[in-house]
Amino acid sequence: MLTIQSYTFNPVQENTYVLYNEQGQCCIIDPGCYFAAEREELKTGIEKTGLTPILLLNTHCHLDHVFGNKFVHETWNLPLHIHPNEKQVLDFAPQSGQMWQLPFDNYNGPIVYLKEGEKIKLCDDELDVMFVPGHSPGSVAFYVKDAGFVISGDALFRQSIGRTDLPGSNYEVLIESIQTQLYTLADDTKVYSGHGPATTVGYEKRNNPFVKMN
């Protein structure tokens with residue numbers, strides 16, 4: 001059974017997630033650690049828990065979700081896993097950083113491309129890759145059925161949805177992704193978003209003003 005540990009990093013208050021199993025293996029999802037103290041917090045938190053990182057995953061590649069990719073790669077020698085449609089977003093991230101006055105060194109290591117419907121193994125546990133574009137062209141969510149939760153990235157928030165005024169984003173596509181992917185999960189599925197507090201699929205179906213399902 002996977003356990004989830006969350007961190008909130010950088011000026012955009014992005015949620016970074018560490019999923020780990022009983023064997024002490026973990027995957028790092030969307031490392032947003034920007035400042036040196038944040039990078040140290042992530043490293044210390046992993047080491048104090050006795051974990052061994054074996055996977056580096058991005059739900060999508062907007063700058064606030066990729067600040068720490070290079071650090072994680074250099075610290076634990078992990079290749080980056082992203083959807084193919086996110087490569088252009090990753091490449092643009094440093095330029096976006098300059099625009100936001102948040103310069104950073106981008107990841108330039110090996111890339112493993114994720115496929116919709118793929119299962120990522122962490123020993124006996126599995127993460128299902130769900131394709132949820134709209135906020136960005138290659139956004140994915142990671143669903144852990146046995147543990148009853150999904151890492152939604154910036155597709156779905158508590159009573160909100162991801163921005164669709166960014167390059168490569170599309171409001172109609174995002175709504176369809178939420179309705180046909182995330183809202184098909186069980187109502188008690190916990191949703192861990194890229195920003196803000198956790199929620200559940202059922203709560204969002206009833207209360208999300210953007211994508212309410214009666």
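## A viewer tour, starting at Cys123

Select Cys123 to begin: this residue is partly exposed, because its relative accessible area of 34% falls between the 20% and 50% cut-offs. You'll find Cys123 in the loop that links β7 (119-122) to β8 (125-131). Check the backbone while you're there: phi of Cys123 is near 60 degrees, a positive value in a residue that isn't glycine. For background, most residues other than glycine have a negative phi. Keep in mind throughout that you're looking at a predicted model.

**Zoom out**

Now show the whole chain as a cartoon. How many helices and strands does the protein have? There are 6 helices and 14 strands. Draw the principal axes if your viewer can do that; the C-alpha trace spans about 45 × 40 × 30 Å along them. The radius of gyration is 16 Å, and a compact globule of 214 residues would have one near 17 Å, so the two agree.

Colour by burial next, and 54% of the 214 residues come up as buried. Switch on the surface as well: the accessible area is about 9,500 Å², with 48% of that belonging to carbon and sulfur atoms. If you'd rather look at a contact map, take the contacts with a separation of 6 or more: residues 24 or more positions apart account for 63% of them.

**Two more positive phi values**

Go to Asn10, in the loop between β1 (3-9) and β2 (14-20). Asn10 isn't a glycine, yet its phi is positive, at about 65 degrees. Is Asn10 buried or exposed? With 2% relative accessibility, Asn10 counts as buried, because the cut-off is under 20%.

Then jump to Asn77, just after α3, where phi is positive again, at about 55 degrees.

**Helix α3 and its cover**

Since you're at the end of α3, select residues 69-76, the helix itself. Which residues of α3 are buried? They are Asn69, Phe71, Val72, His73 and Trp76. To see what sits over them, show β3 (25-29), α1 (36-48), β4 (52-57), α2, β5 (80-82) and α4, which are among the elements that cover these buried residues.

**Into α1: Glu38**

Helix α1 is on screen now, so pick Glu38 inside that helix. Glu38 has a relative accessibility of 12%, so this charged residue counts as buried. Leaving out residues up to four places away in sequence, Glu38 touches Phe9, Asn10, Gly32 and Cys33. Asn10 from the earlier stop is one of those contacts. Try a distance label too: Glu38 and Tyr7 are 31 residues apart in sequence, with 9.1 Å between their C-alpha atoms.

**Across to β2: Val18**

Keep Tyr7 displayed and add Val18, which lies in strand β2. The C-alpha atoms of Val18 and Tyr7 are 8.3 Å apart, with their positions 11 residues apart in sequence. Val18 is buried, its relative accessible area being 2%. Expand the selection around Val18, skipping neighbours within four places in sequence, and the contacts include Tyr7, Ile4, Ile28, Leu42, Ile46 and Leu51. Cys26 and Cys27 are also among the residues in contact with Val18.

**The largest pocket**

Time for the empty space. Rolling a probe the size of a water molecule over the atoms shows where such space is left. The largest pocket has a volume of about 520 Å³. To centre your view on this pocket, select His62, Leu63, Asp64, Ser96 and Leu166, which lie nearest its centre out of 23 lining residues.

Which helix gives the largest share of the lining? That is α4, with 6 residues. Show α4 as 87-99 and α2 as 63-66; each supplies at least two residues of the lining. Colour the lining by residue class and you'll get 13 nonpolar, 7 polar and 3 charged.

**Last stop: Arg158**

Finish at Arg158, in the loop between β11 (156-157) and β12 (160-161). Arg158 is partly exposed, with a relative accessible area of 36%. Setting aside residues up to four places away in sequence, Arg158 touches Ser193, Pro197, Ala198, Thr199, Tyr203 and Glu204. For one more distance label, pick Lys87: the C-alpha atoms of Arg158 and Lys87 are separated by 28 Å, and the two are 71 residues apart along the chain.

Terms used. Residues numbered from 1 in each chain as written. Predicted model: local features only at pLDDT ≥ 70, side-chain atom pairs only at ≥ 80, totals over all residues. Heavy atoms only, no water. 1 Å grid on protein atoms, 1.4 Å probe; cavity = no way out; pocket = protein on both sides within 12 Å on 5 of 7 lines; lining within 4 Å. Points joined across faces, edges and corners; volume = space filled by probe spheres on them. Helix = DSSP H or I, 4+ residues; strand = E, 2+ residues; numbered from the N terminus. Rg over C-alpha atoms; globule rule 2.2 N^0.38 Å. Buried < 20%, exposed > 50% of the residue type's maximum accessible area, 1.4 Å probe, protein only. Contact = heavy atoms within 4.5 Å. Areas by Shrake-Rupley, 256 points an atom, 1.4 Å probe, with all protein chains shown as cover.
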